[in-house]
Amino acid sequence: MDLGLKDKVVLITGGSKGIGLACARAFAIEGAKVAIVSRDPANLARAYEELRQEGLHVHRTRADLHEPHSAADIVEEVTTAVGPIDVLINSAGAARRYDPEALDADAFRATMEAKYFPYIYPQQEVLRRMAERIKTGESTEPGTIVNIIGMGGKIASDIHIAGGAANAALMLATVGLAHYYARYGIRINAINPGSTLTERVEEAVKLEASRQGIDSADALARGQAKVPLGRYAKPEEIADVALFLASRRASYVTGAIVPMDGGSTPLI
Ligand SMILES: NC(=O)c1ccc[n+]([C@@H]2O[C@H](COP(=O)([O-])OP(=O)(O)OC[C@H]3O[C@@H](n4cnc5c(N)ncnc54)[C@H](OP(=O)(O)O)[C@@H]3O)[C@@H](O)[C@H]2O)c1
């Protein structure tokens, strides 16, 4: 299936690890021009080298996307170095989990800064430029955005209330902006992963293991056994759906939120 992604400029926030890195690999294999962003130069260098050894090239940029002006800077840098952005994949998030009784207003604010704004800042900057290119006739091919959000925005969990609230807000922003920007042909969709085998989940598994007084392998097996499909997702499975949503094969899909939790949440 030709996804039509060859030579498309794809900016992937959080592209140095986990789901974002899997997306970087998947888009690069399709022949897209990929730029990855994250905070830690060591993570960026590791991802760059890993992909280079697979024969893939990405542009890398360091930024902390919780800073309001960082998005404008990286979008400008990537536009100059690689080209105007056709696809934005938002996957830079790091919401902490809190005991509900430790949840004060500062924890809610910190969580919005860790998960909500690092998606909103690049999205708004990229949308502004995508719409401008269509309005001025500079391009006739509208861009597209895929937000990697999380099932925690649909189902409240005691230890993920602040992160879940950020996810719920991101879902609302996704469908609302998709509704508005459809007039320019710009499509915005989201994926809601359930537990996916990245470092983030490894940490959550360790925490669960110490809570239950078991080892990590047992905690992982117990967690996976609760999933109807019998296992957690692999990052590359999330990346495959992001590829499809960003491709011309999904040209009439916008405002969709795709659950990828192995059937855990029977919710319409
Ligand atoms: N894995 C799961 O089970 C799961 C489930 C549901 C939803 N999600 C969501 O999916 C997204 C990706 O998760 P993941 O598991 O792939 O996480 P991960 O392995 O921890 O990767 C997160 C990536 O984001 C970057 N990052 C974090 N905060 C950033 C910031 N403020 N500015 C720039 N870069 C930042 C990290 O690199 P640096 O540390 O170098 O900045 C890293 O590249 C997250 O939003 C997460 O909430 C994940």
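## Helix α4 against helix α5

A crossing of two helices is called right-handed if the near helix is turned clockwise from the far one by less than a right angle. In this predicted model, helix α4 passes helix α5 in just such a right-handed crossing.

Helix α4 covers residues 105-135 and helix α5 residues 161-181, and their axes come within 8 Å of each other, crossing at roughly 15 degrees. Angles under 35 degrees count as roughly parallel, and therefore α4 and α5 are roughly parallel to each other.

If you would like to follow the contact between these helices residue by residue, the α4 side includes A107, F108, T111, M112, K115 and Y116, along with Y119, I120, L127 and A131. Facing them from α5 are A162, G163, A166, A169, L170, A173, L177 and Y181.

## Strand β4 and its partners

Now to strand β4, residues 87-90, which is covered on both faces. V87 and I89 are buried on one side, and L88 and N90 are buried on the other.

Strand β4 pairs with two strands worth a look. Strand β1 (residues 9-13) runs parallel to β4 and is joined to it by four bridges; here I12 has I89 of β4 as its bridge partner. Strand β5 (residues 144-148) also pairs with β4 in the parallel sense, over four bridges, and N90 stands opposite N147 of β5.

## How the pieces connect

Helix α4 brings us back to where we began: together with β4 and β5, it makes a right-handed β-α-β unit. So which helix links this unit to the helix pair described above? Helix α4 is part of the unit, and α4 also meets α5.

Terms used. Residues numbered from 1 in each chain as written. Predicted model: local features only at pLDDT ≥ 70, side-chain atom pairs only at ≥ 80, totals over all residues. Buried ≥ 20, exposed ≤ 12 C-beta atoms within 10 Å, placed from the backbone. Pairing = 2+ DSSP bridges. Right-handed = clockwise from strand over helix to strand, strands pointing away. Axes fitted to C-alpha atoms, helices over the stretch in contact; angles between N-to-C directions. Parallel < 35°, antiparallel > 145°, perpendicular 65-115°, else oblique. Contact = placed C-beta atoms within 7 Å.
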